[in-house]
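Reader: Hello! I am new to this structure and would love a close look at one part of it, with some guidance on what surrounds that part.

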Amino acid sequence: MKTKNHWAEIRTDYEDDFFRRVDAWKTDDDNEEGEVIAQVDMLTGRIVYINPLARIDEAAQEAIRSLVDEAKKEHPYQSPSPETDKHPLPPETEKLISTLTAYAKQYREPPYGREIDGTSELLEQAASALKEALDGIAGMKNRYMDGMLVHYQGDDADDGIECPVCGYEVAQNDDYNNTKPKHCPECGTKLIY
Ligand SMILES: [Zn+2]
């Protein structure tokens, strides 16, 4: 994609809650209302794009890069909280969450009632991420709480009974019911006989 400068002026001096704003103006006109095109979290160096053009605009990229460098200089040692580190979210999810938060913040600031670029795309992304997350939870509930039907190798007394997920042989047909495990010892799936 061809990069060119979309804005006449870019400034990065406004900071709010450790988020440094990248403001841009289309013209040199002093009366023009600036637009927030991106924000950089000065605690982590994370970039939140508000206007997608900021990703390809050379001057915007330069301004953003220098903010990220500054953030890294100020907070070179990231001490990840042990709680979140145990189950880190995928980076796309982290990014989506911070973008949603930044958009919400923008909508609460004047001028009210305007649409911020990329809102409908962001809502679609959020909807599909939510669906994916809920599908994942439904799958886990089905597998570990409701249980899944075991797989019978055959009808003979010594034929094995397998876990439907990992295929581990959990019992044989002639085992007493009370000796058949309720969960697969290999993968934890709850078993329905
Ligand atoms: Zn299993």
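Which residue in strand 5 stands opposite Gln-39? Please start there and then walk me through the rest.

Author: Happy to! One thing to keep in mind as you look is that this is a predicted model. The residue you are after is Val-48: in strand 5, it stands opposite Gln-39. To find the pair, look at strand 4, which covers residues 35-41, and strand 5, which covers residues 46-49. These two strands run antiparallel and are joined by four bridges. Together they form a hairpin with four residues between the strands. In that hairpin, Gly-45 takes a positive phi near 80 degrees.

Another hairpin makes a nice companion to yours. Strand 8 and strand 9 also form one, here with six residues between the strands. Gly-167 in this hairpin has a positive phi near 80 degrees. Strand 8 and strand 9 run antiparallel, with three bridges joining them. You can pick out two facing pairs: Gly-160 has Gln-172 of strand 9 as its bridge partner, and Ile-161 stands opposite Ala-171, also in strand 9.

Now step back to see the sheet around this hairpin. It is an open sheet of three strands in the order 7-8-9, paired antiparallel. Strand 7 and strand 9 are the edge strands, since each of them pairs on one side only. As general background, strands of a sheet pair through backbone hydrogen bonds, either parallel or antiparallel.

Asp-158 is a good residue to visit while you are here. You will find Asp-158 in the loop between strand 7 (151-152) and strand 8 (160-162). Asp-158 counts as exposed because it has 10 C-beta neighbours inside 10 Å, and the cut-off for exposed is 12 or fewer. Leaving aside residues up to four places away in sequence, Asp-158 touches Gln-172 and Asp-174. The C-alpha atoms of Asp-158 and Asp-175 are separated by 8.7 Å, although these residues lie 17 residues apart along the chain.

Next, turn to an earlier loop, the one between strand 2 (15-16) and strand 3 (19-25). Asp-17 sits in this loop and has a positive phi of about 55 degrees although it is not a glycine. Asp-17 is exposed, with 9 other C-beta atoms within 10 Å. Phe-18 is found in the loop between strand 2 and strand 3 too. Phe-18 likewise has a positive phi without being a glycine, with a value near 70 degrees. Its surroundings hold 14 C-beta neighbours inside 10 Å, so Phe-18 counts as partly exposed.

A couple of distances help to place this region. Between Asp-17 and Met-145, 128 residues apart in sequence, the C-alpha atoms are 42 Å apart. Phe-19 and Glu-74 are 55 residues apart in sequence, and their C-alpha atoms are 13 Å apart. Glu-74 belongs to helix 1, which covers residues 58-74, and Glu-74 counts as exposed with 11 C-beta neighbours inside 10 Å.

Last come two packed helices. In general, such a pair is described by the angle between the axes and the distance between the axes. Helix 3 (residues 91-107) and helix 4 (residues 119-146) pack at an angle of about 135 degrees, and their axes are 11 Å apart. That angle makes helix 3 oblique to helix 4. The crossing in which helix 3 passes helix 4 is left-handed. On the helix 3 side, Thr-93, Leu-96, Thr-99, Leu-100 and Tyr-103 take part in the contact, and they meet Thr-119, Leu-122, Gln-125, Ala-126 and Ala-129 in helix 4. By class, that contact has six nonpolar and four polar residues, with no charged ones.

Before you leave the helices, look at the loop between helix 3 and helix 4, where Pro-111 is found. The peptide bond joining Pro-110 and Pro-111 is cis, with an omega of about -5 degrees.

Technical notes. Residues are numbered from 1 along each chain as its sequence is written. This is a predicted model: local features need pLDDT of at least 70, side-chain atom pairs count only at pLDDT 80 or more; totals for chains, interfaces and linings use all residues. Axes are lines fitted to C-alpha atoms, for helices over the stretch in contact, and angles run from 0 to 180 degrees between N-to-C directions. Angles under 35 degrees count as roughly parallel, over 145 as roughly antiparallel, 65 to 115 as roughly perpendicular and the rest as oblique. A crossing is left-handed if the near helix is turned anticlockwise from the far one by less than a right angle, and right-handed if clockwise. Two residues are in contact if their C-beta atoms, placed from the backbone, lie within 7 Å. Ala, Val, Leu, Ile, Met, Phe, Trp, Tyr, Cys and Pro count as nonpolar, Asp, Glu, Lys and Arg as charged, and the others, Gly among them, as polar. A residue is buried if 20 or more other C-beta atoms lie within 10 Å of its own, exposed if 12 or fewer, and partly exposed in between; C-beta atoms are placed from the backbone. Two strands pair if DSSP finds at least two bridges between them.
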